[in-house]
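Subject: Structure to look at, with my notes

Hi,

Here is the structure I promised you. Have it open while you read, and my notes will follow below.

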Amino acid sequence: MSDEKSLGDDLNDMLGDAKKTAKKAAGKAEQFGKEAKDSAKEFGKEAEEATREFRESAKEAFEKTTGTNKKVLAGVTAILLGGFGIHKFVLGYNKEGLILLIATIVLSVLSFGFLGFLVWVFTVIEGIIYLTKTDGEFYKTYQLGKKPWF
């Protein structure tokens with residue numbers, strides 16, 4: 001009987017030790033899980049910040065690249081089709097483009113074309129100003145600064 005009791009006590013001790021070890025392992029696993037979760041959150045924040053910075057720099061580079069094209073397109077359309085306000089539409093100035101279009105039509109009708117011609121002279125000057133500015137000046141003034149007239 002004493003061997004059976006001793007064996008039972010040994011098994012109980014072993015079971016108790018196994019339970020303690022399992023509890024320690026569960027505690028460490030929980031701690032590891034929390035650390036992994038925190039690390040994942042931190043990584044996510046860093047990735048989000050890097051993505052935002054990349055997006056902003058890519059947007060800026062794209063706008064600079066297309067700024068040159070808009071300069072030439074706006075300048076040429078101001079010289080050739082200025083009275084229609086096409087160059088204003090190219091730059092995104094829809095209100096100003098409509099003003100030029102309506103002014104050309106109204107002034108041409110009222111003066112049999114003479115005053116409408118003055119609008120064209122104004123836009124030719126504007127087109128020359130566009131084309132004589134450097135790419136950086138044009139971009140800062142008309143695309144970033146949104147200066148609608150001269």
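Let's start with a single residue: in which helix does Thr 77 lie? Thr 77 belongs to helix H1, which covers residues 2-81. Before we go on, please keep in mind that this is a predicted model.

**The overall picture**

The protein has five helices and zero strands, so its elements read α-α-α-α-α from the N terminus on. It has 150 residues, and 19% of them count as buried. About 10800 Å² of the protein is exposed, with carbon and sulfur atoms supplying 66% of that area. If you take the contacts with a separation of 6 or more, 59% of them involve residues 24 or more positions apart.

**Thr 77 and its surroundings**

Back to Thr 77. Is it buried or exposed? Its relative accessible area is 11%, and buried means under 20%, so Thr 77 is buried. A polar atom of its side chain lies 3.2 Å from the backbone oxygen of Ala 74. Setting aside neighbours within four places in sequence, Thr 77 is in contact with Gly 82, Ile 86, His 87 and Val 90.

**His 87**

One of those partners deserves a visit of its own. His 87 has its place in helix H2, and this residue is buried with a relative accessible area of 0%. What does the side chain of His 87 make a polar contact with? The partner is the side chain of Glu 126, at 2.9 Å. If you leave out residues up to four places away in sequence, His 87 touches Ala 74, Thr 77, Ala 78, Gly 82, Leu 100, Thr 123, Glu 126 and Tyr 130.

**Thr 123**

From His 87 you can step across to Thr 123, which sits in helix H4. Thr 123 is buried too, with a relative accessible area of 0%. Its side chain reaches the backbone oxygen of Ala 78 at 3.5 Å. Now try Ile 79: this residue is 44 residues from Thr 123 along the chain, yet their C-alpha atoms are separated by 6.3 Å. Beyond its neighbours within four places in sequence, Thr 123 is in contact with Ala 78, Ile 79, Gly 82, Gly 83, His 87 and Leu 100.

**H3 against H4**

Next, look at how two helices pack. Helix H3 is residues 94-111 and helix H4 is residues 114-132; the angle between them is about 145°, and their axes are 5 Å apart. Which residues meet there? From H3 come Leu 100, Thr 104, Leu 107, Ser 108 and Ser 111, and from H4 come Phe 114, Leu 115, Gly 116, Val 119, Trp 120, Phe 122 and Thr 123. Sorted by class, this contact has seven nonpolar residues, five polar ones and no charged ones.

Ile 105 also lies in H3, but with a relative accessible area of 48% it is partly exposed. Ile 105 and Val 119 are 14 residues apart in sequence, and their C-alpha atoms are 10.0 Å apart in space.

**The two sides of H5**

Helix H5 runs over residues 135-144, and its residues Phe 138, Tyr 139, Tyr 142 and Gln 143 are buried. Why do these four end up on the same side of H5? They cover an arc of only 110° around the axis, and that puts them on one side. A handy rule to remember here: an α-helix has 3.6 residues a turn, so residues three or four places apart point the same way. On the face of H5 turned away from the buried side you will find the exposed residues Lys 140 and Leu 144. H5 is followed by Lys 146, whose phi is positive, near 55°.

**Leu 91, in a loop**

Last stop: Leu 91, in the loop between helix H2 (86-90) and H3. Leu 91 is buried, with a relative accessible area of 4%. Ala 74 is 17 residues from Leu 91 along the chain, and their C-alpha atoms are separated by 6.9 Å. Not counting neighbours within four places in sequence, Leu 91 is in contact with Lys 70, Ala 74, Tyr 130, Phe 138, Tyr 142, Gln 143 and Lys 146. Among these partners, Phe 138, Tyr 142 and Gln 143 are also on the list of buried residues in H5.

Happy exploring!

Key:
Residues are numbered from 1 along each chain as its sequence is written. This is a predicted model: local features need pLDDT of at least 70, side-chain atom pairs count only at pLDDT 80 or more; totals for chains, interfaces and linings use all residues. Side-chain values use heavy atoms; hydrogens and water are left out. Axes are lines fitted to C-alpha atoms, for helices over the stretch in contact, and angles run from 0 to 180 degrees between N-to-C directions. Contact means heavy atoms within 4.5 Å. Ala, Val, Leu, Ile, Met, Phe, Trp, Tyr, Cys and Pro count as nonpolar, Asp, Glu, Lys and Arg as charged, and the others, Gly among them, as polar. Buried means under 20% relative accessible area, exposed over 50%, partly exposed in between (1.4 Å probe, protein chains only). The arc is that of the directions from the helix axis to the C-beta atoms. A polar contact is a pair of N or O atoms within 3.5 Å; within protein, one must be able to donate a hydrogen and the other to accept it, and residues adjacent in sequence count only if both atoms are side-chain atoms. Accessible areas come from the Shrake-Rupley method with a 1.4 Å probe; for residues, only the protein chains shown count as cover.
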